[in-house]
Amino acid sequence: MTRPARQWALVLGVTAGTGGSIAREVARDPGLDIIGFHRGNFPDEAARLIADVAALGHRAALIRGDAGDPARISDCVAEVRNVVPQGSIKLFVHSLSGASLGHFLDDRGDAFHPKQFEKTFNNLAHSFPYWARALHEAQLFAPEARLVGLTNVLHHQMLHNLGLIAAAKAALESYVRYLSVELGRHGHRVNLLQFGTVVTPALRRVMGPGALARLDEIHARMIPAGRMCTVEEVARMVRLLTMDETTWFNGALIDFTGGMTQHLFDLVMPPD
Ligand SMILES: NC(=O)c1ccc[n+]([C@@H]2O[C@H](COP(=O)([O-])OP(=O)(O)OC[C@H]3O[C@@H](n4cnc5c(N)ncnc54)[C@H](OP(=O)(O)O)[C@@H]3O)[C@@H](O)[C@H]2O)c1
């Protein structure tokens, strides 16, 4: 296979939040063209992203579709193949959201329905290996392609009604570890980037300004730097993972929480 002139980043969940920032950052450096999926809930962000990437001299092909639905993934990959030549996806980023909140018991009347288990796991976890396999079989990955999953601190902690997200992220962590070996044998790298809360349009929409201010205040105490991480900082870290210097990261759970996880016990057990 001759090496295509241009390389691409495929971002699942490309318009809002973390995925959108990563797309902009890797279009800038190392200069990847962008192909991504979204369901159409953020049309203004989608239009802005296409314009921003075009201004950098790159192409952004944004496709509307549910990238977390296992039944649709082969159709989605066929759409990718229509745009992207074989051997040209340098970076695959899985930035899908779409999880249910609730509890495992019904004490509060919000017990998870089996459909919510299925949807949350499809979006946050199962879609990662399904996509990885389909892209591999379609020979779309470039040599030494980088596959990046995004996770939070929840599967190592406990927080109220976020148990299903925690469970799905634990599954994602295992998928990344196994895929790093299976795809590693084909020369690719598969890693999981762990970061604390970042403010995204979706988060803004779900929480009012009051709740956001509270989040800010809580994180200022939880994170030694005294502030929350930003999507731009996460995007710059993902850009680093495309570089030759980071080629030895494989199967890694990369702690990018700014010391948030280390600091928690310190908070709940202050010195006498
Ligand atoms: N935000 C945080 O604090 C944080 C912290 C650590 C890790 N993470 C992880 O980072 C990832 C992205 O989170 P985020 O907060 O950036 O999400 P977000 O703000 O909700 O944005 C998600 C993006 O994905 C698209 N999307 C969601 N589900 C989709 C689906 N099934 N098919 C196609 N597109 C879909 C959304 O657009 P449409 O709605 O139009 O489809 C949007 O562009 C998640 O895996 C999350 O767990 C987030």
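Visitor: How do the residues of the shell around the ligand divide into nonpolar, polar and charged?
Guide: You get ten nonpolar, 17 polar and three charged. Here Ala, Val, Leu, Ile, Met, Phe, Trp, Tyr, Cys and Pro count as nonpolar, Asp, Glu, Lys and Arg as charged, and the others, Gly among them, as polar. Bear in mind that this is a predicted model, where local features need pLDDT of at least 70 and side-chain atom pairs count only at pLDDT 80 or more, while totals for chains, interfaces and linings use all residues. Numbering runs from 1 along each chain as its sequence is written, and side-chain values use heavy atoms, with hydrogens and water left out.

Visitor: Ok, which residues come nearest to the ligand?
Guide: T15, T18, R39, N41 and V198, out of 30 around the ligand (a residue counts if one of its heavy atoms lies within 4 Å).

Visitor: And what lies 2.6 Å from an oxygen atom of the ligand?
Guide: A backbone N or O atom of R39. K169 puts a polar side-chain atom 2.9 Å from a ligand oxygen, and a polar backbone atom of A67 sits 2.9 Å from a ligand nitrogen. Polar contacts here are pairs of N or O atoms within 3.5 Å.

Visitor: How much of the ligand's accessible area does the protein cover?
Guide: 93% of the 890 Å² that the ligand has on its own, by Shrake-Rupley with a 1.4 Å probe.

Visitor: Which elements each supply at least two residues of that shell?
Guide: α1 (17–28), β2 (33–38) and β5 (141–151). Helices (H or I, at least four residues) and strands (E, at least two) are DSSP runs, numbered from the N terminus.

Visitor: Switching to the sheet: what order do the strands come in?
Guide: β3-β2-β1-β4-β5-β6-β7, an open sheet of seven strands with parallel pairing (two strands pair if DSSP finds at least two bridges between them). At the edges are β3 (60–64) and β7 (253–255), each pairing on one side only.

Visitor: How many bridges link β1 and β2?
Guide: Five, in the parallel sense, with β1 spanning residues 8–12. L10 stands opposite I35 in β2.

Visitor: Any backbone oddities? Where is the cis peptide bond?
Guide: From D29 to P30, with omega near 15°. P30 is in the loop between α1 and β2. Then there's E144, which has a positive phi of about 50° although it is not a glycine; E144 sits in strand β5.

Key:
A polar contact is a pair of N or O atoms within 3.5 Å; within protein, one must be able to donate a hydrogen and the other to accept it, and residues adjacent in sequence count only if both atoms are side-chain atoms.
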